[in-house]
Amino acid sequence: MRRKRNTIDVEEDSLAEIQRYAKWALAQAGAEGHLPTRVEDIVASAKLAVAEGVSLGQPHSGFFSKAFGILSSALAKLRALVDLRDNIIYLDLSMSPQQVNFATLHECGHKTLPWQRAAYRYEDDDYTLGSEVEAQFECEANKFAAEVLFQLDRFTKEAADLPLTIRTPLDLSKRYGASCHAAIRRYVEGHQHECAVLVCRASGVVGDGGPRLEVEHVVYSDSFRDRYGKLRLPRTLDSEHAFSRLVFEQRVRLFDTGSIELEDGNADPFHANFHIFNSTYRVFVLIFPSRPSRRGWSRVVRF
């Protein structure tokens, strides 16, 4: 039974093992090479079943609270869980089909990865996992879900042949049955070129400092991190910031002609292009370096 999500990363050796079991899961289910990934076949191959007619947090919340010891307040935030005693996956059915795909594969990961499956046998016998181990398991299950959903390196290879633009992962997300968020993250993480994406949440109201973007986290390609390190950015982009102005003043949904000067991890300036996609759930800002003009770097944002 899993309850939390976490964003910590896994070691390279662990990732290789996760990829090995993801490949095995695809092969066992006969889903390798089939797009979008046949999630129902992965579930069946793992000898799991998705509960029908039951949605987390909906009128059966008393059942979940009693059966799994989950407080009602925590249950309201729960999107998915797996009961490894009865081999049943429970889902929040208010999620989009793409979110359901990822959440279902995440829960399959807890059953498929053998070290997790073994650990939960002890958890059922009055043993509770430590918070660090639990967080690590959650991250590993996320990795497993992504590897299966995006068919290992198939998504990355396909994306490499397409232009470096925010439109590429959005278009590919439909082909792979993935959410925009998952596809954009996968796109940047695996890209051969230098790029990063800010994942932001819109917040604030008039009279409360105005609308603003809260930077929840930043995803980097390996080559971007090697050259620039982590971007020096405020966690809050106020209403005067170029990205916020585009979102709140011009109400753009998709914008792909921006240019801005940013600072790398050493506080050195560099010129970058940026694209914005506003999913209404989150705002994604794709950043990739551009060559400076002959006149030098301009601090004026162009859009």
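Me: What makes S1 and strand S3 (residues 88-91) a pair, and in which sense do they run, parallel or antiparallel?

Reply: They share three bridges, in the parallel sense. Two strands pair if DSSP finds at least two bridges between them, so S1 and S3 qualify. Ala-49 has Ile-88 as its bridge partner in S3, and Ser-55 stands opposite Leu-91. Strands here are DSSP runs of E with at least two residues; helices are H or I runs with at least four, and both are numbered from the N terminus.

Me: What kind of model is this, and how are residues numbered?

Reply: This is a predicted model, with local features needing pLDDT of at least 70 and side-chain atom pairs pLDDT 80 or more, while totals for chains, interfaces and linings use all residues. Numbering starts from 1 along each chain as its sequence is written, and side-chain values use heavy atoms, without hydrogens and water.

Me: Why is the pairing in the open sheet called mixed?

Reply: The sheet has three strands in the order S1-S3-S2. S1 and S3 pair in the parallel sense. S2 and S3 pair in the antiparallel sense over four bridges. Ala-80 has Leu-91 as its bridge partner in S3.

Me: What joins S2 to S3?

Reply: The two form a hairpin with four residues between them. In the turn, Asn-87 has a positive phi of about 60°.

Me: Why is H9 called oblique to H10?

Reply: The axes of helix H9 (residues 167-176) and helix H10 (residues 180-190) cross at roughly 125° and come within 8 Å. Axes are lines fitted to C-alpha atoms, for helices over the stretch in contact, with angles from 0 to 180 degrees between N-to-C directions. Under 35 degrees is roughly parallel, over 145 roughly antiparallel, 65 to 115 roughly perpendicular, and the rest oblique. The crossing angle therefore makes H9 oblique to H10.

Me: Which residues meet between H9 and H10, and how many are nonpolar, polar or charged?

Reply: Thr-168, Pro-169, Leu-170 and Ser-173 in H9 meet Cys-180, Ala-183, Ile-184 and Tyr-187 in H10. Contact means heavy atoms within 4.5 Å. By class there are six nonpolar, two polar and no charged residues. Ala, Val, Leu, Ile, Met, Phe, Trp, Tyr, Cys and Pro count as nonpolar, Asp, Glu, Lys and Arg as charged, and the others, Gly among them, as polar.

Me: What makes a residue buried, and what share of the protein chain is buried?

Reply: Buried means under 20% relative accessible area, exposed over 50%, and partly exposed in between, with a 1.4 Å probe and protein chains only. Buried residues make up 46% of the 303 residues in the protein chain.
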